[in-house]
Amino acid sequence: MIPVFDALSRHARQRPDATAFRDADRRISWAGLADAVGHAAAGFAAGPRRVGLHLTGLDYVIGDLAATLAGCRVVPVPGFFSTGQIAHLLADSGASLIERLPHGDAALPLSYAGGADRVIYTSGTTGRPKGVVLGDRQLNAQTRALAAAIGAVPGDRYLSVLPQAQLLEQICGIFVPVLTGAETIIAAEGPACLFSGDGTALARLADACRPTVTVLAPRQLTLWVAALRQGARAPDSLRYIAVGGAPVAPALLAEARSLGLPVAEGYGLSEASSVVAMTPAGGTGMVALDGTDLWIEDGEIVVDGPAVMAGYLGHAPHSGPWRTGDLGRLSDGRLTVLGRRDGMILRASGRNIAPEWVEAAALADPAIPAAALILTGDDRLVLVLAATASPDMVALAARLADLPDYARPEALIFADPRQAGLIRPSGTADRQVAARMAQAPGAQLIPLPAQPVPA
């Protein structure tokens, strides 16, 4: 992290009054940020050495940089974690919950001595978070590689719309902009639309602030595209939008690009400091980031390089390659992700199906925040849809029709998103709960609408 703090110090000297970060309520210059970070770092240095950051907006930016400068163990607290998950996070890491920035009388100089680390908790498939430990080696490598991948320059205006407790947003929304001297706009409308199911405010803000770069979750892309369909404008200032975290339906990507959103796909995991491969600006197919080695072993994606984690908190340190648990293939250096190894569905015909890609076809509809593909005992595929409104059935049927016959669901079940346990705190569907719903006596299965035969 030394390059980040060196850059912050340089910007404060050379461009003291230029805007560094802003949110809906305030802006902070490079000189102001350097001063705020130094004073908060002094406060952190006098307090607990392990801090659970439960902050938002500019306070999160200041707190993350300050706690790192003070040499603390930084534990971001995800806003979507349940009360039980937060309690586990704090107990497991030994962190003290920080909900207000500390302030020291004498600011610490921006001379980072190294040694800070952070623990990123992932909810996983069981809902019990695991702590991924990342230090200077991992964060330096990932920050440099992502800056290169998106072609980051000082003239960029980054739109920060992911929750700040997500590692990807810490790197893309804080470290890369500080490293390059770009302005960052923190938009509460981004996380908010994940809960409201309406991307209108996000689209309106993007049009007003004219960003050049942003990173989206697939759900945010779905909602932004829906707003564009209804007449919102895509800012022509955008040059790169990365979307990742889950598969995205090819039809949604194509529509987004046709509506003016220059979308590129990304793949990664916390154990490799968030991003492993991305589609280059103006290119096609995902390629490994600089410094990352990537190969396929027994069908599974394996990664190695300086961004691979130091290990899980409380477990033996990790070194060497990391088996991701994701299936994939490489063709001419381009990566295709096929799905989770432990999530594959095996039909009686012997065909394997990655449910994520079928679910992605449903998640392209803004009325469907979560979906789960289920194989019933009689070898029928059923798609369980948590719907907040009536989806566009014609468009849904068209996207599902693009799937191979053996992967196409035979029936749909519409479920109330409030159904207990159906949607995890992370926003994904629990397939075990969905399976019980699909196979319950009296379950209302709706046949998939047939596609019209072209004339």
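Leu-159 stands opposite Thr-214 of strand E10, and that pair makes a handy doorway into this predicted model. Let us start with the strands around it and then step back to the whole chain.

**Around strand E10**

Leu-159's neighbourhood is easy to place: strand E8, residues 157–160, is joined to E10 by two bridges, and the two strands run parallel. E10 also pairs with strand E11 (residues 240–243), again in the parallel sense, this time over four bridges. Within that pairing, Tyr-240 of E11 is the bridge partner of Val-213.

Which way do the residues of E10 point? Val-213 and Val-215 point one way from the strand, while Thr-214 and Leu-216 point the other way. In a regular strand, side chains alternate between the two faces of the sheet. Here Val-213, Thr-214, Val-215 and Leu-216 are all buried.

Follow the chain on from E10 and you meet Ala-217, which is found in the loop between E10 and helix H9 (218–229). Ala-217 and Ala-242 are 25 residues apart in sequence, and their C-alpha atoms are 8.6 Å apart in space. Leaving aside neighbours within four places in sequence, Ala-217 is in contact with Leu-162, Val-243 and Gly-244.

**An open sheet of four strands**

Another group to look for is an open sheet of four strands in the order E22-E23-E24-E25, with mixed pairing. Strands E22 (370–375) and E25 (446–447) stand at the edges with a single partner strand each, so one side of each is left without a neighbour in the sheet. E23 (residues 381–386) and E24 (residues 411–415) pair in the parallel sense over five bridges. Here Val-384 stands opposite Ile-413 in E24.

**Two buried residues to visit**

Arg-399 and Ser-270 sit in different kinds of element, as the table shows.

| Residue | Place | Relative accessible area |
|---|---|---|
| Arg-399 | helix H12 (residues 393–401) | 13% |
| Ser-270 | loop between strand E12 (263–267) and strand E13 (277–278) | 16% |

Is Arg-399 buried or exposed? Arg-399 is buried, because its relative accessible area of 13% falls under the 20% cut-off. Not counting residues up to four places away in sequence, Arg-399 touches Ala-251, Ala-361, Ala-362, Ala-364 and Asp-365. Arg-399 and Ala-249 are 150 residues apart in sequence, yet 8.0 Å apart in space from C-alpha to C-alpha.

Ser-270 is buried as well, with a relative accessible area of 16%. Beyond neighbours within four places in sequence, the contacts of Ser-270 are Ile-120, Thr-122, Val-132, Leu-134 and Leu-167.

**The whole chain**

Now for the wider view. How many helices and strands are there in the chain? There are 13 helices and 25 strands. The C-alpha atoms fill a box of roughly 70 × 50 × 45 Å along the principal axes. The radius of gyration is 22 Å, which agrees with the value near 23 Å for a compact globule of 455 residues.

Buried residues make up 52% of the 455 residues. Among contacts between residues at least 6 apart in sequence, 65% join residues at least 24 apart.

On the outside, the chain exposes about 19,200 Å², with carbon and sulfur atoms supplying 53% of that area. As for charge, there are 37 positive and 42 negative charges, and their mean positions are 1 Å apart.

Key
Residues numbered from 1 in each chain as written. Predicted model: local features only at pLDDT ≥ 70, side-chain atom pairs only at ≥ 80, totals over all residues. Heavy atoms only, no water. Rg over C-alpha atoms; globule rule 2.2 N^0.38 Å. Buried < 20%, exposed > 50% of the residue type's maximum accessible area, 1.4 Å probe, protein only. Contact = heavy atoms within 4.5 Å. Areas by Shrake-Rupley, 256 points an atom, 1.4 Å probe, with all protein chains shown as cover. Lys, Arg positive; Asp, Glu negative; His and termini not counted. Charge placed at Lys NZ, Arg CZ, Asp CG, Glu CD. Pairing = 2+ DSSP bridges.
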